[in-house]
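Work through the exercises below with the structure open beside you. Try each task before you read its solution.

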Amino acid sequence: MSASELPDLIPLDEAQRRVLDGVVPLPSVHVDLADAAGLVLAAPVRSPLTVPSWSNSAMDGFAVVSADVAGAGTAAPVVMRVLGEVPAGRAPDAAVTPGTALRIMTGAMMPPGADAVVPVEDTDASPGASALPTTVAIRAPARAGDNVRAAGTDVREGAHLLDRGRACDPAAIALLAATGIARVEVHRRPRVAVISTGDELVPPGEPLGPAQIHDANSLSLAAQAAETGAEVRRLGIARDTLDSLLSLVREAVAWADVVILSGGVSVGAHDHVKAAFESVGELSLWRVAIKPGRPFAFARATFDGRPVHLFGLPGNPVSVFITFELFVRPVIRTLAGHPRAFGRPVRIVRLGERMRGSGGRQNIHRVVLERDPERPDGLVARSSGGQDSYMLASLAAANGLVFLPPDADLPAGSEAVAWELRERDA
Ligand code: AMP
Ligand code: MG
């Protein structure tokens, strides 16, 4: 390709806009709540139930008429006759009347007549005792409603529980389960196929021949896609021929919503990704003004009426990792139904050292983000090591990415935009 044929060089945000343009959430399906973890609700959810459905005790203790014990204290205990017991899961078989009490367990139904529970610790009964006492001395006063979880104080039948677009995280699942919801309408889990390209590649675990390297990209991409919530298939390593590539790309398009290739996308004599994309869909080609990350190919295909998004990422493993973060992850998240395509926490951080960009492009540096000793809520960014796009040790050491404007030369102490990628060590 001659210089005049080079595709447009466009800024990062423009490239992200083009990649996300027209991407919509996958169709909805109904799944068992037990299978819903991580999936995104496709419709708002209302409660079919009032919770608690009936008033119950918040403590192990004695259900009483509060007026009986309004004046109780250690010096003036009030002795009540114990009529029986209400364990969890059994409806009370007696009512509480003035002068009487029922022993009651946490979560057990409040008996008729009682309006408060005196914790066992405020009585002369021994906490773990199994034998039911015939009387109990109450040593602390109680007011109506004390230690009672009144019906409907958590959720009312018909109340709005969760919005469309809410991920089924553990808290959402707890609420849905408690309100008796067994199935939920969610967006289908995105399917992602991963293909590596290159005659030099050997899977880890196999010995390296002369001039061979281990395939890092298909494993890192599969892990990134899985972390994003996708169902992933690794289809293997395509050799540097159009036939080899095309057969894996065709297999991928028949199954996946997103197809990710790495390598073979530049202008080398053995780079066939663009030709493969053109034969299954519509290729969009541009150069993104970021470093690392060029070159980058993108295509849309349709299979059985289903849109398929194809990404041809650069071969260098760090470029692969970063372009997945910048372009592929937001597409997978959008397909999954997340309202925010970019889910990473964005922070304004202070540079702990001078940082320079190069090449007239926005530079994305691998950094270690740590708590800023000078600003309680702030973070300091320091380079995690060598920034060349083949260097994986500094990628694994990084917990964030810093975005430097084109040709920036920022002294220590400057502010910059960063993405947090994972938990910080300190
Ligand atoms: P390419 O774009 O195919 O010319 O690849 C650019 C660089 O990335 C070369 O050094 C490749 O050997 C390397 N590379 C390509 N694919 C992988 C892979 N799956 N794992 C590790 N390195 C790769
Ligand atoms: Mg290659």
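Domain bounds, as used here, come from an automatic or database domain assignment. The structure is a predicted model.

**Exercise 1. Domains**

Task: State which domains the chain is assigned, and how far apart the centres of domain 1 and domain 2 are.

Solution:
- Step 1. The assignment lists domain 1 (3-27 + 191-336), domain 2 (29-49 + 160-187), domain 3 (56-149) and domain 4 (346-420).
- Step 2. Taken over C-alpha atoms, the centres of domain 1 and domain 2 are separated by 33 Å.
- Step 3. In the contact of these two, five residues come from domain 1 and four residues from domain 2.

**Exercise 2. The largest nonpolar core**

Task: Find which residues of the largest nonpolar core touch the most other members, and where the core draws its residues from.

Solution:
- Step 1. The core has 37 residues, and the members that touch the most others are Val-258, Ile-260, Phe-311, Leu-326 and Phe-327.
- Step 2. Helix H6 (residues 317-336) gives the largest share of this core, 11 residues.
- Step 3. Domain 1 (3-27 + 191-336) and domain 4 (346-420) each supply at least three residues to this core.
- Step 4. Take Leu-326 as a case: setting aside neighbours within four places in sequence, Leu-326 has contacts with Leu-12, Gln-16, Ile-290, Phe-342, Ile-364, Phe-403 and Trp-419.

**Exercise 3. Two helix pairs**

Task: Classify the packing of H3 against H6, then that of H4 against H5.

Solution:
- Step 1. Two packed helices are described by the angle between their axes and the distance between the axes.
- Step 2. Helix H3 (residues 217-227) packs on H6 at an angle of about 30 degrees, and their axes are 10 Å apart.
- Step 3. Angles under 35 degrees count as roughly parallel, so H3 is roughly parallel to H6.
- Step 4. The H3 and H6 crossing is right-handed. On the H3 side the contact includes Leu-221 and Gln-224, and on the H6 side it includes Phe-321 and Phe-324.
- Step 5. For helix H4 (residues 242-255) and helix H5 (residues 273-280), the angle is about 45 degrees and the axes are 9 Å apart.
- Step 6. H4 and H5 are therefore oblique to each other.
- Step 7. The crossing of H4 and H5 is right-handed. Among the residues that meet are Leu-246 and Val-249 in H4, and Ala-276 and Ser-279 in H5.

**Exercise 4. Backbone details**

Task: Locate the cis peptide bonds that precede Pro-52 and Pro-292, and place Asn-147 and Asp-407 in the chain.

Solution:
- Step 1. Val-51 to Pro-52 is a cis peptide bond, with omega near -10 degrees. Pro-52 sits in the loop between strand E3 (45-46) and strand E4 (56-57).
- Step 2. Lys-291 to Pro-292 is a cis peptide bond, with omega near 0 degrees. Pro-292 belongs to the loop between strand E19 (290-291) and strand E20 (296-303).
- Step 3. Asn-147 is not a glycine, yet has a positive phi of about 60 degrees. The loop that holds Asn-147 runs between strand E9 (135-138) and strand E10 (148-149).
- Step 4. Asp-407, also a residue other than glycine, has a positive phi near 55 degrees. Asp-407 is in the loop between strand E26 (400-404) and strand E27 (409-410).

**Exercise 5. Exposure**

Task: Decide whether Asn-147 and Asp-407 are buried, partly exposed or exposed.

Solution:
- Step 1. Buried means under 20% relative accessible area and exposed means over 50%, with partly exposed in between.
- Step 2. Asn-147 has 27% relative accessibility, so Asn-147 counts as partly exposed.
- Step 3. Asp-407 has a relative accessible area of 49%, so Asp-407 is partly exposed.

Note on methods:
Residues numbered from 1 in each chain as written. Chains lettered and ligands numbered in written order. Predicted model: local features only at pLDDT ≥ 70, side-chain atom pairs only at ≥ 80, totals over all residues. Heavy atoms only, no water. Core = buried A, V, L, I, M, F, W, Y, C linked by side-chain atoms within 4.5 Å. Buried < 20%, exposed > 50% of the residue type's maximum accessible area, 1.4 Å probe, protein only. Helix = DSSP H or I, 4+ residues; strand = E, 2+ residues; numbered from the N terminus. Contact = heavy atoms within 4.5 Å. Axes fitted to C-alpha atoms, helices over the stretch in contact; angles between N-to-C directions. Parallel < 35°, antiparallel > 145°, perpendicular 65-115°, else oblique. Left-handed = near helix turned anticlockwise from the far one by under 90°.
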